[in-house]
Amino acid sequence: MSKSDDYEAALERLQIQLVETQGWAIEKGLRVLVLFEGRDTAGKDGAIKRIVEYMAPRQTRVVALPKPTERETSQWYFQRYVPHLPAAGEIVFLNRSWYNRGGVEPVMGFCTPAQHEQFLHDAPRFERMLTNDGIILIKLWLDITKDEQAERMAARVADPLKHFKVSALDAEAQKRWAAYSDARDRMLAQTHTPHGPWTVIATDKKKKARLNIIRHILRRLDRPGLECERPDPEIVFPADASEGRLAK
C-alpha cells in the first residue's frame, strides 16, 4: 500500500468518526465553535474541506467573513461574529475569526495600536462568556515555515485553478514574516487561557497535519466510546509548550 493509500484510508476512518461524533453532538444539543487561524498557505481551507466533507449540511456551517463594511467597522469589534455562533446541535468552523485583530490587522496597519491592545484585553473575556454559556470552543493555530510558505505561494500563482487563493496580501506574508511572528507570539501568550486554550498545528507536512487536526477535534469533543489515535505531539501541541517549535 502506498503512502497515498495509507493517508486516504486513515482519512476515511477519521471522517467516519466525525460523522458518528456529530450524530452524538446533535442528539446532545452541543454547540461547537472551531476557530482556524494561522499563516497564509498553512492549509486552513484544505483541512476544513476534509473535515466537513461528510458532515450534516444543516448542522454544519463554515464561515469565512469578507472585509468588514464601513458600518461594521463602527460596531463593537466582536459584533459581526456573534450572529454566526452555533445553536444547539450545530458545529461552526470559522475560517479566520476575531483573531484577525491579533495578527493581520496590527501588522498591516488595519487597526490602531490602541485597538490592538483593547482586543488582547477583551478576547479572553469574550471567550469566557461563550464557554460559560456552554459553547465548546476549539482554537487552532496552523503554523508553517517560511520556506514552505514561499513554495506554496509560488505554486498558487502558477496554478490557474487556485486563482481565488491568490491575494494582494500574499507577498506581504513573506516580507513581514518577523512582524507576523511577533504578533502571533504575543497573541498566543495573552489569549491562551484555561477556558480558551490554543492548540498549535505544524503544517509543513500537509496530509499529516489534516489527520492530526481531525484527531484533535474528535478528542476535544470526547464522545463516549470514541476510539481514535492521539494526535502526534510533534505536530499538535498546546501553545504553552510551543517555545522553540513555532516558525520564526
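Strands here are DSSP runs (E, at least two residues), numbered from the N terminus like the helices (H or I, at least four), and two strands pair if DSSP finds at least two bridges between them. This is a predicted model, where local features need pLDDT of at least 70, side-chain atom pairs count only at pLDDT 80 or more, and totals for chains, interfaces and linings use all residues. Residues are numbered from 1 along each chain as its sequence is written, and side-chain values use heavy atoms, leaving out hydrogens and water.

**View A. Strands 5 and 6 run antiparallel.** Strand 5 (residues 198-202) pairs with strand 6 over three bridges, and Ile201 stands opposite Val236 in strand 6.

**View B. Six strands make an open sheet.** Pairing is mixed and the order reads 2-3-1-4-5-6. At the edges, pairing on one side only, are strand 2 (60-63) and strand 6 (236-238).

**View C. Tyr81 meets Trp98 edge-to-face.** Rings of Phe, Tyr and Trp (its six-membered ring) pair if their centres lie within 6.5 Å; planes under 30 degrees apart are stacked, over 60 edge-to-face, the rest tilted. Here the centres are 5.7 Å apart, with 85° between the planes. The two residues sit 17 apart in the chain. Tyr81 is buried (under 20% relative accessible area; exposed is over 50%, partly exposed in between; 1.4 Å probe, protein chains only) because its relative accessibility is 4%. Trp98 is buried too, at 0%.

**View D. Arg39 perches over Trp177.** Its charged end lies 3.5 Å from the ring centre; the rule wants NZ of Lys or CZ of Arg within 6 Å of the ring centre and within 35 degrees of the ring normal.
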